[in-house]
Amino acid sequence: MSRANVDLGSGSVGRLLVKLALPAVVAQLINMLYNMVDRMYVGAIPETGTDALAGLGVCFPIILIVTAFAALIGSGGAPLAAIRLGEQRRDEAERILNGGATLLALLGVALTLVLYFAARPLLKAFGSPATSLDYGQSYLQIYALGSVFVLFSLGLNSFISAQGKALTSMATVAIGAVLNIALDPLFIYTFGMGVRGAALATVLSQAASFVWVLVFFISKRSQIRLKLRLLRLSRTLLPVLALGVSPFVMQATESAVQIVFNIQLFRYTGGDETYTAALTIMLSVMQMIVLPLNGMGMGAQPLISYNYGAGNSARVKKTVKYLFLSALVVCFTVWLLSLTVPTMFARIFSATPAVTALVKRYMPIFMAGSIFFCSQFALQNAFLALNQAAISISLALLRKVILLIPLTFILPLFLSTGGIFTAEGVADITAGIVTTLTFALTFKKILARREALLAAQKETPQP
């Protein structure tokens, strides 16, 4: 067994979690930074910055759908691969990786065609203001050409994290992010390409990340490798898809929520682009919580999954405890800033006075329940790492599909435009409480069932 696997099963949980989670959090923060830089540069374009920023804001939920397909395979397959490694079934883990890579390639081609040729009608359906439509179309069509790169770099990177290769996984994101930050001003301003330049910078940076991931998985550095003879669709993908539905729904419904936000804002404001720009800023601030939490979850997942596969419940419990407490610190910090100094974030995006006023008015309401993300993201990621597909998908549907989307339609009937922003806070608080209670009632039972299963297997005579 490799050193990485021995460490996952026997090293200090606290030190391992820091070692694995810190690079993942840094990678997510870098990812957040270059997303923000994209919008900062676009928002600062003379004369057309607000319209261009609103156009990117409408593109964002579509891009989330693309990344949701990467999560379907990556977040569904990586925990299973880690569990198989914990069970000492490396060949099975390798089949999961190769089947996932095959499906990612097929999905990438399909998404490229759909996004390129249907960009304009999609943006209209997603509630784009008329003044922002051309900007959104220019960005989305160029971005579509890099869909395969996005799916591979994001989807397969989860399999790097599953092996405990935290620094390598961080490098996947860092390479793309640093390159994007460097290329943005060159293409946007120097070459005068505007939003098209921002999209081209993103495509090239994702291509670089794709090459990095591909080289890793055909090298000896990886415990599980891409092999031509295994690159095919098979029944191995069925449990991957079953588990991956939860992260897919989480991201795809995030897109659906933003579509609903845009449509409702258009309905109640008459297509005022200042509201769309303000919402884009608020969603960017929310990413300041979501991305670090995702990084923590990525760091904790190999520890949880590997030790769950090995039947080491004590290490699983300790990892989840540390994950939750770390997530609470992040949530509290950003939550406090968003409630007390919301205009600080508006200034970061070079917002106009009108947009800044909207951010000041609505961000404290919009972010009111974000402190409960520590439950939603940390504990839901724990369920995912424990191969609890049914519970994970139920919780994924709760916050957005069952609560947030209906509230976005109901509350404006009583609170007008303010109800759209209030819906987010109410849904986050409710979902956080339900997730915490669900975890408290089921976690020990899940571990007990696993221990009983492994004990029964040991008692069963081997043929």
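**Group meeting: a walk through a predicted model**

Let's start with a cysteine. Cysteine 331 is buried, and its relative accessible area is 0%. This is a predicted model, so keep that in mind throughout.

Does that cysteine have a partner, or is it unpaired? What is the closest cysteine sulfur to the sulfur of cysteine 331? It belongs to cysteine 374, at 4.8 Å. That is too far for a bond, because a disulfide needs the two sulfur atoms within 2.5 Å. How many disulfides turn up in a search of the whole structure? Zero. Cysteine 59 is another buried one, again with a relative accessible area of 0%.

Next, a helix. Helix α3 covers residues 49-86. Where is its kink centred? On alanine 71, with an angle of about 30°. Is α3 largely enclosed or open? Of its 38 residues, 35 are buried, so the rest of the structure largely encloses this helix. Now step just past the end of α3. There you meet glutamine 88, which has a positive phi of about 65°.

Last stop, the surface. Here we have a nonpolar patch. Which residues form it? Val109, Leu113, Tyr116, Phe117 and Leu145. Together they have about 530 Å² of accessible area. Take leucine 113 from that group. Leucine 113 sits in helix α4, residues 90-117. Its relative accessibility is 49%, so leucine 113 counts as partly exposed. The cut-off for exposed is over 50%.

To recap: zero disulfides, a kink in α3 at alanine 71, and a nonpolar patch on the surface that includes leucine 113.

Note on methods
Residues numbered from 1 in each chain as written. Predicted model: local features only at pLDDT ≥ 70, side-chain atom pairs only at ≥ 80, totals over all residues. Heavy atoms only, no water. Buried < 20%, exposed > 50% of the residue type's maximum accessible area, 1.4 Å probe, protein only. Bend = angle between axes of the 7 residues up to and from the residue. Helix = DSSP H or I, 4+ residues; strand = E, 2+ residues; numbered from the N terminus. Patch = residues over 30% accessible without salt bridge, like charges linked within 9 Å, V, L, I, M, F, W, Y side chains within 5 Å. Areas by Shrake-Rupley, 256 points an atom, 1.4 Å probe, with all protein chains shown as cover. Salt bridge = Lys/Arg side-chain N within 4 Å of Asp/Glu carboxyl O.
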